[in-house]
Amino acid sequence: MGFARTCSVALVGVEGVVVEVQADLEPGVAAFALVGLPDKSLVESRDRVRAAVVNSGVGWPQKKLTVGLSPASVPKGGSGFDLAVAVAVLGAAERIDPREIADLVVIGELGLDGRVRPVRGILPAVLAAAEAGYRQVVVPEQCAAEAALVPGISVLGVRSLRQVIAVLAGEEVPEEEPAEEGRPDAMLAGLMVPGAGAGTGLSCGGDELADLADVSGQEPARFALEVAAAGGHHLLLHGPPGAGKTMLAERLRGLLPPLTRQESLEVTAVHSVAGILPPGEPLVTRAPYCAPHHSATMQSLIGGGNGFPRPGAVSLAHRGMLFMDEAPEFTAKALDSLRQPLESGHVVVARSAGVVRLPARFQMVLAANPCPCGRHGQKDAVCDCGSATVRRYQARLSGPLIDRIDLRVRVEAVMRADLMDQGGRGESTETVAERVRAARQRAAARLEGTPWTNNSEVPGHELRTRWVSAPEALGAAERDMERGLLTARGFDRVLRVAWTIADLHGHDRPDRNDLGLALQMRTGVDRGAVRPQGVVPAVLVGGGVT
């Protein structure tokens, strides 16, 4: 009788659970039983493991074999347990020393010829192993760089089961032929899953960023874009077609600062699980940009799918930007599903297979036309939509959703002089991004030692008691709240925006002008507030969207 155990990791959403893989050999009719709540893909590992072991030059034990995955109450799926099952079986057969594998975490899929194929979710799996106290992991060679991102972990990247056996048995490690140069590597197919990010418009790699200087005119909207980037505020761009709403939104990402180390690990973990982490780029360092089509369903936005829920667009945009162009064209159900993650920064998806908590701290940008034809409220333009049609169209953005948006900007049609560059090009992304970085540094210094990193995350109670605005600054906001123009949530969000504007202006705390600008960008009522450069923002909300 032989017994051996090793460890692997089961992923529940983007969180890992260490699983003990036990193998027991007993005299009897040759059989292979796999227990411990495996799914269909994991049950099929019995055939993959047997073929891989035999094709690696090792005899298959002709005994009654039972492989148990513990804890049995945790659902387990995927092909990432193949290598751990094979190692445990070889330990029970005494081909390798069981003591060498007892405290080893092994992750990888096996081909029938014994090659080790990469799998998704390596980073969150290794993070879970490190938190559980394990210090050695064996992963596919293609995933070794991703696993090495976790500090304090010794990573062994292998190409085949033969190499694993040789390392654990203290034998000479055989060389495996790499893929031919210039030809696609079929082994990488497990990393990029076709359709896993379908419809998200995801962009997080080294693609070239568009320059803000390409936008003609639109000074009020450009300033709102700068405020949104500096404080992490949600933004609504509302105006006629062709005014530049999409151009502005696409350039916000270039203003966002690089991700911190912790943020990069969070984003990389989500993308690794979703199967959209580009090969050769183990760490995401730039804020992701996710732009789903307006036909996206609620499940594709917040997460879901058959079996255990998978990350949706809000999770793929974690620590980055979610842009929803033609926002009123999304279904009301899909739009209202965003209300909870906008407040909490995470999504809890409950399905019959289990409950999963997915990270979703993103910055949302909406772009909307004033009506189906887009000409409502325009000078010298005839709108073909009736008043009832306009109201129904604008009502697709519900009041509770709009109340969670800090900045609501009216984007007017571009004038001929601006379009023909008669006024000169506007500031570049690099110039504006430098001011954004300086403002974020001021906010970070103020928030040091707190759980918050930017102004949009600070609770309103703290802004009313701990970081108080100038005494004369709050009068207009208080009057608006008494008149019903501001909700309690809206009042707190005005304070957050005012602190961001103060950081951009270099003020120690918001003054009356800073609060006036914040209120103007919230309610659309002209407060007479101006920017230091003399740019007076126009009315920022129109067409009935308030």
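**Helix, cores and cysteines in a predicted model**

Reader: In this predicted model, how far apart are the end C-alpha atoms of helix α21, and what should its 18 residues span?

Author: Helix α21 covers residues 488–505, and the expectation for its 18 residues rests on 1.5 Å a residue. That gives a span of 26 Å, which agrees with the distance between its end C-alpha atoms, 26 Å.

Reader: Is α21 largely enclosed or not, and how many of its residues are buried?

Author: A residue counts as buried when its relative accessible area is under 20%. By that cut-off α21 is largely enclosed by the rest of the structure, because the number of its 18 residues that are buried is 15.

Reader: Which helix gives the most to the largest nonpolar core?

Author: The largest nonpolar core has 76 residues, and V67, L83, L161, L322, M324 and M364 are those with the most contacts inside it. The helix that gives the most to this core, with nine residues, spans residues 82–92 and is α3. Apart from this core lies another, of 59 residues, with L255, V284, A473 and L495 among them, but the helix asked for is α3.

Reader: How far is the sulfur of C371 from the closest cysteine sulfur, and how many disulfides are there?

Author: C371 is buried, at 0% relative accessibility, and its closest cysteine sulfur, in C373, is 3.5 Å away. A disulfide needs the two sulfur atoms within 2.5 Å, so 3.5 Å is too far for a bond. By this rule the count of disulfides is zero.

Definitions and conventions
Residues numbered from 1 in each chain as written. Predicted model: local features only at pLDDT ≥ 70, side-chain atom pairs only at ≥ 80, totals over all residues. Heavy atoms only, no water. Core = buried A, V, L, I, M, F, W, Y, C linked by side-chain atoms within 4.5 Å. Buried < 20%, exposed > 50% of the residue type's maximum accessible area, 1.4 Å probe, protein only. Helix = DSSP H or I, 4+ residues; strand = E, 2+ residues; numbered from the N terminus. Expected span 1.5 Å × (residues − 1).
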